[in-house]
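Got your viewer open? Load the model, set it to cartoon view, and follow along stop by stop.

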Amino acid sequence: MNKSLNQSRFIIPTENCWDEQARPNQKPPPGDWNIWLLLAGRGFGKTRTAAETIRRWVLDGQCKRIAIIGCTIKEAQQVMVEGASGLLSISPAEDKLEYIPSRRILRWGNGAIAQIYGAENYEQLRGPQFDAAWVDEFAKFMYPRETFEQLSFSMRLGDHPRAIITTTPRPIPFLCDLMRREDVVVTRGTSLENIENLSKNFRQQLEFLKGSRLEAQEIYGEIVEDRDDTLWRWSDIENCYRLAPRFLENVVIGVDPALTTGGDETGIIVAGMDDDGKAYVLADLSCKSSPSQWAKAVVQAYHRYNAKVVVIEANAGGDLLTTLLLQEDSSIKVKKVHARSSKIDRAEPIAILYQKQKIFHAQQFQKLEMQMATYTKDASKSPDRMDALVWAMTELFALRNTRPVIFGGEAEEDLSHLEKYIPIWL
């Protein structure tokens, strides 16, 4: 792929441009397949590959009704349609491609029509029928199995309906099931294959990821399997997605602070509990910033989510951390906690609650979930987001089992006493 990938969509490629530029693993595989599963790292050119393939199928008359499915409708529109490598960008004027955003429709000059969908509303796939589909970032979907099943039922037009699934892989069980199907052809690719077209900043980021599991997944497109020495399995995370109810009994914010700007991130997790005792991760606001900046973010979240208390780890920083938050807003409730056991020991009861489906994620939190599924006791990097999650969830379940609780801005307490509540949680 050459630098036309980075050009404006109004600079139209020539008719045979893609055939000449595409690498072998960017061309549709031979054979009598139904699903082309393209697993590749970020920056490989998955979007361009799928857009060019759909365009060729339309112009050759191989399909007339296409489903375009992204994680959300907004993502589908911004990436698959309007993006730098999307259908509008790669289509020359002679295609006569018309885009009607209000109806979420693309219409070609030869009469072919593509309808845009978001996987969060996969039930919308019940009525329509298609002879082709493009599904992007499938491993990000909250309901991958259900979305795929609904799409499969709607692929009933033409002699040979086909689908392209493009995604950076995650080890979700259904993706592994899909790879084993006889009618699925799997193509793999890495970010490095397209390195000459990627920005200098992106190439610099690769250096920081070397040797990590994140590098294997996001750059080399490998599926990072479960390990025996981690607390969370990917299947636990895949099964934890659920929209949060409108009303929550308690909301708390867990903070694992960084005291310097250039070091670790400050973990900031917002979590709430409903009246049935189910907890929800509502937001991951973790950031790498100065103490004053993350303190401001915590205070803003406190008011936005109507939080009851901010729970902050105070092993380093002590009273300074409480003072920092209260200087930002003296009305908030702050509770300092001290870590007196290992991160693994503190996280274990929370991981059990995930297995028991007592904790859910209101949306996908990829960086948090990667930390959860990959952190081991031998890890060299601190899991800031995971730590903040553990503090928030521990406090939520303590609130439910020990109400009423009175918090003071200067309160200081470790949470070792919560061990006696574990049987109640389960």
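Start by picking out strands 9 to 14 in this predicted model. Those six strands make an open sheet, and if you walk across it you meet them in the order 13-12-9-10-11-14. The pairing in this sheet is mixed. Now colour strand 13 (334-337) and strand 14 (359-361): each has a single partner strand, so one side of each is left without a neighbour in the sheet. Turn the view a little and look along the strands; on average, neighbours here are turned by 25° against each other, direction ignored. As a reminder, strands of a sheet pair through backbone hydrogen bonds, parallel or antiparallel.

Next, select residues 250-256 and 267-273. These are strand 9 and strand 10, an antiparallel pair joined by seven bridges. Which residue of strand 10 does Val255 stand opposite? Click on Ile268 and you've found the partner.

Add residues 291-304 to your selection. This is helix 10, and it lies across strand 9, strand 10 and strand 12 (309-313). Helix 10 runs at about 170° to strand 9. Then show residues 343-355, which are helix 12. Helix 12 packs on the sheet too, touching strand 11 (279-284), strand 12 and strand 14, and its direction makes about 80° with that of strand 14.

Back to the edge of the sheet: click on Val334, which lies in strand 13. Buried or exposed? Val334 has a relative accessible area of 0%, and buried means under 20%, so this residue counts as buried. Now pick Val309 as well and draw a distance between the two C-alpha atoms: they are 5.7 Å apart in space, although 25 residues separate Val334 and Val309 in sequence.

Time for a change of scene: select residues 46-59, helix 2. Its 14 residues should span 20 Å at 1.5 Å a residue, and the C-alpha atoms at its ends are 20 Å apart, so the two agree. Helix 2 is mostly covered, with twelve of its 14 residues buried. Among them are Lys46, Arg48, Glu52, Ile54 and Trp57. Step just past the helix to Gly61, where phi is positive, about 80°.

Finally, zoom out to the whole protein. How many helices and strands are there? You should find 15 helices and 14 strands. Of the 426 residues, 56% are buried. Switch on the surface: the protein exposes about 19,400 Å², with carbon and sulfur atoms supplying 48% of that.

Conventions. Residues numbered from 1 in each chain as written. Predicted model: local features only at pLDDT ≥ 70, side-chain atom pairs only at ≥ 80, totals over all residues. Heavy atoms only, no water. Pairing = 2+ DSSP bridges. Helix = DSSP H or I, 4+ residues; strand = E, 2+ residues; numbered from the N terminus. Axes fitted to C-alpha atoms, helices over the stretch in contact; angles between N-to-C directions. Contact = heavy atoms within 4.5 Å. Buried < 20%, exposed > 50% of the residue type's maximum accessible area, 1.4 Å probe, protein only. Areas by Shrake-Rupley, 256 points an atom, 1.4 Å probe, with all protein chains shown as cover. Expected span 1.5 Å × (residues − 1).
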